[in-house]
Amino acid sequence: MVSAPFGYAPLPGHYDEMVGPDGAVRPHWRALTDALGLFGRHELNRRAQEARRLIRDNGMTFHVHKGSGTQERPWPLDLIPFVIDGDEWARLERAVAQRATLFDSVLADLYGPQRLIHDRTLPAEWLHANPAFLRECHGLPPTGGRRLNVDAADLVRSPDGRWWVLGDRTEAPAGIGFALENRVVVNAVLSDLLLSSRVRRLAGTLENRKQALEASAPGHRENPRIVVMTPGPAQANYFEHAFLARHLGYTLVEGTDLTVRNDRVYIKTLAGLQPVDLVLRHQEADACDPLEFGHSRTGVPGLVEAVRRGAVGVVNALGSGLVESPALMAFLPVLCPHLLDEELQLPSVATWWCGDNTARAHVLGHLNDLVIKPAYPTGRRERTFGRRLPESQRDRLAARIARQPHRYVAQEQVALSTTPVRTAGGLAPRFFVMRVYAIARGDGYDVLPGGLGRVSSSTDSLDVTLLSGGSSKDVWVIGQTEEPHRSLLPQNVAPIDVSRATFDLPSRIADNLYWLGRYVERVEAAVRLLRAAMPLLSEESSRRSTAALSGALSFLVELEYVPAHIGAQTQSPERALESAVTAMLSESNERGSIGWQLGHVRSTAWLLRDRLSPDSWRIISRLESDLTAAGRRRSRSAVRRTLDQMVMILTSFGGAVSEGMTRGHGWRLLDVGRRIERALQVLQLLRHGLTGALDDERARIELLLDATGSVITYRSRYLTSLRVNLLVDLLLLDDANPRSVAFQLDQLTQHVKQLPETPAPGRRSPQARLLTDATAAIQLVDLDELCAIDDTGRRPGLIALMDRLQDDLGGLSDALTRDYLTHATPVRHLASR
């Protein structure tokens with residue numbers, strides 16, 4: 001008898017997925033348990049830590065609503081997969097496909113002839129009281145002949161070993177993307193074991209899905225334009241939406257990215273309107289078209305009419321959430337033979353709809369033994385366990401059911417099966433629910449060979465949700481033979497003309513790319529300045545002096561990186577500068593601090609999840625972890641090393657962008673943002689470093705050279721001679737220096753020439769005129785006059801030129817926003833200066 005590893009002990013009274021009643025490991029689990037035994041606790045913990053690192057680096061998160069806002073949490077994944085035998089899975093596959101076919105048939109009737117209502121197979125009261133029944137969608141043509149493209153079923157196992165359906169998701173089923181990402185992570189840390197166990201792959205089903213979607217697009221043209229529609233980044237599953245869009249190769253859009261013209265749906269891009277053939281919907285149906293449904297501000301006005309005229313397809317069909325009602329589960333045993341002429345293969349958990357008099361009497365008589373749910377759920381599925389309620393609350397619940405019976409269903413409480421999870425002490429049982437997916441293809445449904453497993457946080461609660469502290473699991477379906485590798489790249493398709501066009505670039509995405517460039521550059525400027533100031537805190541530094549310390553502190557205060565009160569405190573310049581460094585590294589909520597700025601980088605990058613490469617996202621995650629480490633460190637040398645690492649990481653981000661993005665408008669606008677911000681940062685440094693009366697000009701010149709990464713270039717030209725006019729030439733006028741303002745203006749001029757023409761072709765754009773003015777101002781200036789000091793010790797020529805350049809650059813940003821970027825979001829500012 002093969003025993004379970006790490007002293008695993010099943011929970012009495014529940015079916016254990018890994019261990020049989022005789023205490024032996026079930027045959028299909030043995031390859032996994034043998035490997036775990038060889039790993040030992042230390043190796044298992046190491047691999048779990050590696051999985052957590054991958055989740056962090058890949059930015060796998062989900063959002064939970066907290067108060068009036070949302071909170072981002074790391075995706076919880078238990079490394080121990082759930083294993084299911086291939087023969088058992090084959091039976092589930094057939095039953096889940098049948099269930100999807102049945103739901104599609106019900107939707108076809110209820111949004112069509114409604115024979116089920118006329119012959120009283122379904123009660124009219126259930127249909128017309130259901131807010132998910134969208135009357136505006138009655139008679140809409142189904143995309144590809146189906147209203148249900150993806151169906152999800154939550155399965156549980158009872159103590160007798162039978163599988164039951166706990167609930168269905170037909171509106172916009174979530175979890176496929178997370179199931180895929182779970183497999184990616186688990187494959188990275190358990191790759192040999194996954195291959196040797198003959199686990200069935202997921203890519204084949206997704207390849208079939210992609211081909212089926214493209215075949216179902218109206219017009220049946222080659223290479224249709226398909227978009228993934230998301231409610232936006234505040235939605236709990238936004239990561240999944242972005243992951244699926246990138247994985248399938250489709251454009252991720254929000255409602256404001258689309259428009260309807262002459263009953264056609266278009267995506268708004270920098271290159272103009274581009275027609276859309278199919279919308280892969282991850283948004284609630286009643287939020288998709290404010291003209292039809294009235295209460296949504298995030299949808300596409302006119303979308304329903306475009307669907308009605310057959311100009312665009314939407315999957316799942318608008319209104320598909322109707323059959324998600326748990327009340328319908330009570331009627332499925334009758335509906336299946338009625339519509340499909342066969343018995344229901346996979347039963348639902350015993351369900352009673354209280355709108356039926358007999359069912360209501362049973363519920364009220366057995367309230368203590370049942371789970372009460374809303375018949376028409378919206379948002380999070382609320383559940384009430386009768387046995388957990390005090391008698392007074394049970395009485396109030398019974399009164400509510402009696403007053404509005406059609407709004408409630410009751411279900412039998414199932415003693416859920418358990419499966420092992422990794423804990424600090426080894427392995428322990430947790431309650432298990434498995435979500436499986438049926439995906440339309442041809443005249444039937446494929447079932448994804450796996451799914452999204454979920455486990456409870458403890459055995460004290462049957463609440464198996466991530467919101468209650470539970471975790472997810474990869475689901476391994478054991479095949480008979482090793483499967484061939486499958487790719488999402490299409491095979492044996494008709495020829496497509498070569499195209500070197502870049503991806504569709506909605507104006508909203510263009511806006512986010514532009515601001516990501518600005519935020520990243522601003523973080524780099526702050527980190528470089530802080531790193532340049534750090535040596536002044538060392539007793540051994542040749543640059544150390546009271547004037548140098550005071551000058552560095554004034555830079556940080558005047559540039560609003562730290563609050564003014566730090567510079568005003570009556571303490572030594574050294575202590576004040578050290579306080580400023582600590583504030584910049586530690587105060588993530590303080591305006592101007594590196595953490596505050598990095599928060600803008602992350603939030604903007606989050607809006608671009610489908611556009612950024614995994615390498616770019618890992619760079620951002622690494623920046624956050626390094627900043628956290630720097631804030632904890634007290635050693636000056638350790639902080640300096642961390643700042644060095646952050647500069648290297650920021651430089652690598654530029655390399656990832658330069659080498660990883662095609663030279664389209666997206667790359668161009670991201671680089672425009674970086675160039676504008678770099679020019680503004682240099683101007684700010686020169687303004688605060690050279691235009692006023694100075695105590696120690698030499699110390700400020702050294703700080704400016706270090707902060708702009710120009711020390712080597714300057715010394716190769718001028719050795720140790722530190723002169724203001726030479727510095728100004730290098731950082732302001734030298735168009736060969738990649739850190740100079742002149743260089744940024746030259747790059748911006750080249751970028752602006754490549755942007756799409758605004759509605760007045762043949763005329764110079766406002767952007768081009770502003771850049772010509774700024775470039776001419778630099779090219780025509782006299783360096784000696786520019787650096788001349790007046791009677792007050794100031795440099796009025798330098799001040800005037802920088803004012804002009806800052807005005808031109810600000811005007812350039814405004815002109816770009818007006819002509820190319822989104823108008824749907826408020827204007828963003830980096831900081832008031």
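This is a chat between a reader and an author about a predicted model.

Reader: Why is Arg739 called buried?

Author: Buried means under 20% relative accessible area. Arg739 has 16%, so it counts as buried. You'll find Arg739 in the loop between α24 (724–733) and α25 (741–754).

Reader: What makes the link between Arg739 and Glu524 a polar contact?

Author: The cut-off for a pair of N or O atoms is within 3.5 Å. The side chains of Arg739 and Glu524 are joined at 3.0 Å, so the pair qualifies. Leaving aside neighbours within four places in sequence, Arg739 is also in contact with other residues, among them Glu521, Arg528, Arg678 and Gln744.

Reader: And why is Arg120 called exposed?

Author: Exposed means over 50%. Arg120 comes out at 75% relative accessibility, so it counts as exposed. Arg120 sits in the loop between α3 (115–118) and α4 (124–128). Its phi is near 65 degrees, a positive value in a residue other than glycine.

Reader: What puts Asp341 in the exposed class?

Author: Here the cut-off is again over 50%, and Asp341 has 70% relative accessibility, so exposed is the right word. Asp341 belongs to the loop between α11 and β13 (351–353), and its phi is near 60 degrees, a positive value for a non-glycine residue. Most residues other than glycine have a negative phi, and most peptide bonds are trans.

Reader: Speaking of peptide bonds, which residues does a cis peptide bond join?

Author: Val315 and Asn316, with omega at about -15 degrees. Asn316 lies in the loop between β12 and α11 (332–340).

Reader: How do you know that the length of helix α5 agrees with what it should be?

Author: At 1.5 Å a residue, the 14 residues of α5 (residues 176–189) should span 20 Å. The C-alpha atoms at its ends are 20 Å apart, so the two values agree.

Reader: Why say α5 is mostly covered?

Author: Take the cut-off for buried, under 20% relative accessible area: 11 of the 14 residues of α5 are buried. They include Phe178, Leu180, Arg183 and Val189.

Reader: What makes β6 and β11 a pair?

Author: Two strands pair if there are at least two bridges between them. Strand β6 (residues 226–229) and strand β11 (residues 278–281) have 4 bridges, so they pair, in the parallel sense. Val228 stands opposite Leu280 in β11.

Reader: Which sheet do those strands belong to, and why are β7 and β12 called edge strands?

Author: It's an open sheet of 4 strands in the order β7-β6-β11-β12, with parallel pairing. β7 (251–253) and β12 (313–315) each pair on one side only, and those are the edge strands. On average, neighbouring strands of this sheet are turned by 30 degrees against each other, direction ignored. Helix α8 (residues 238–248) packs on the sheet and touches β6, β7 and β11. The direction of α8 makes about 150 degrees with that of β7.

Reader: How do you know that β8 pairs with β9?

Author: At least two bridges are needed, and 4 join strand β8 (residues 258–261) to strand β9 (residues 264–269), so they pair, running antiparallel. Thr259 stands opposite Tyr266 in β9. The two strands form a hairpin with 2 residues between them, and Asn262 in the turn has a positive phi of about 50 degrees.

Reader: What joins β9 to β10?

Author: A hairpin does, through 2 residues. β9 and strand β10 (residues 272–275) pair in the antiparallel sense over 4 bridges. In β10, Pro275 is the bridge partner of Tyr266.

Conventions
Residues are numbered from 1 along each chain as its sequence is written. This is a predicted model: local features need pLDDT of at least 70, side-chain atom pairs count only at pLDDT 80 or more; totals for chains, interfaces and linings use all residues. Side-chain values use heavy atoms; hydrogens and water are left out. The expected span of a helix is 1.5 Å times one less than its number of residues. Buried means under 20% relative accessible area, exposed over 50%, partly exposed in between (1.4 Å probe, protein chains only). A polar contact is a pair of N or O atoms within 3.5 Å; within protein, one must be able to donate a hydrogen and the other to accept it, and residues adjacent in sequence count only if both atoms are side-chain atoms. Contact means heavy atoms within 4.5 Å. Axes are lines fitted to C-alpha atoms, for helices over the stretch in contact, and angles run from 0 to 180 degrees between N-to-C directions.
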